[in-house]
Amino acid sequence: MNFESEIAQGKFFIPECTVCEKIVWPPAEFCNNCMGTVSLKKGDFMGKILEYSVHNEAYFCIVEIENTFRIMAKISEKPHIGQDVKISKCGINNGNYFFQVN
């Protein structure tokens, strides 16, 4: 099981080192801290909106997940700074990860 194959199926996991337990982002096979192997951690991960923008009536936001790493995501309603969200949809489109939060 690797991050790319899981996200391609719409499943979000957090890559975590099996040795030092550091979250590895961007996703990789080996930890960038200790070179340990990485496994995928399943869960309902929460994030917080740090900033947002609107373009053609679509909202995009920067979300910090688990107080550790940041992603850019789409959100369907006008967000507010500090809003708690979780990933509702994810995948790969044209070779790029995409995320939607609510």
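This passage walks through a pair of strands, a pocket and two buried residues in a predicted model.

Strand 1 is a handy place to start. It covers residues 14–17, and its side chains point in two directions: I14 and E16 go one way, while P15 and C17 go the other. That pattern fits a general rule, since side chains in a regular strand alternate between the two faces of the sheet. Whichever way they point, I14, P15, E16 and C17 are all buried. Strand 1 doesn't sit alone, either. Its partner is strand 2, made up of residues 38–41, and the two pair in the antiparallel sense over four bridges. Zooming in on E16, its bridge partner in strand 2 is S39.

Strand 2 turns up again at the largest pocket, which has a volume of about 210 Å³. Twelve residues line this pocket, and those nearest its centre are N2, F3, A28, E29 and L40. Helix 1 (3–8) and strand 2 each put at least two residues into the lining. The top contributor is strand 2, which gives three. As for the chemistry of the lining, eight of the residues are nonpolar, two are polar and two are charged.

Next up is E64, which belongs to strand 4 (residues 58–65). Is this residue buried or exposed? Its relative accessibility is 19%, and buried means under 20%, so E64 counts as buried. The side chain of E64 also has a partner: a polar contact of 3.4 Å joins it to the side chain of R70. R70 shows up again in the wider list of contacts. Once neighbours within four places in sequence are set aside, E64 touches M46, G47, K48, L50, F69 and R70.

The last stop is I71, found in strand 5 (residues 69–75). With a relative accessible area of 5%, I71 falls under the 20% cut-off and is therefore buried. What is I71 in contact with, leaving aside its neighbours within four places in sequence? The list runs to W25, C61, I62, V63, I65, I87 and F99. A distance to another part of the chain helps to place this residue as well. I71 and K42 are 29 residues apart along the chain, and their C-alpha atoms are separated by 17 Å.

Conventions
Residues are numbered from 1 along each chain as its sequence is written. This is a predicted model: local features need pLDDT of at least 70, side-chain atom pairs count only at pLDDT 80 or more; totals for chains, interfaces and linings use all residues. Side-chain values use heavy atoms; hydrogens and water are left out. Buried means under 20% relative accessible area, exposed over 50%, partly exposed in between (1.4 Å probe, protein chains only). Two strands pair if DSSP finds at least two bridges between them. On a 1 Å grid over the protein atoms alone, a cavity is a set of points where a 1.4 Å probe fits but cannot get out, and a pocket is an open set with protein on both sides within 12 Å along at least five of seven lines; lining residues have an atom within 4 Å of a point. Grid points are joined across faces, edges and corners, and a volume is the space filled by probe spheres set on the points. Ala, Val, Leu, Ile, Met, Phe, Trp, Tyr, Cys and Pro count as nonpolar, Asp, Glu, Lys and Arg as charged, and the others, Gly among them, as polar. A polar contact is a pair of N or O atoms within 3.5 Å; within protein, one must be able to donate a hydrogen and the other to accept it, and residues adjacent in sequence count only if both atoms are side-chain atoms. Contact means heavy atoms within 4.5 Å.
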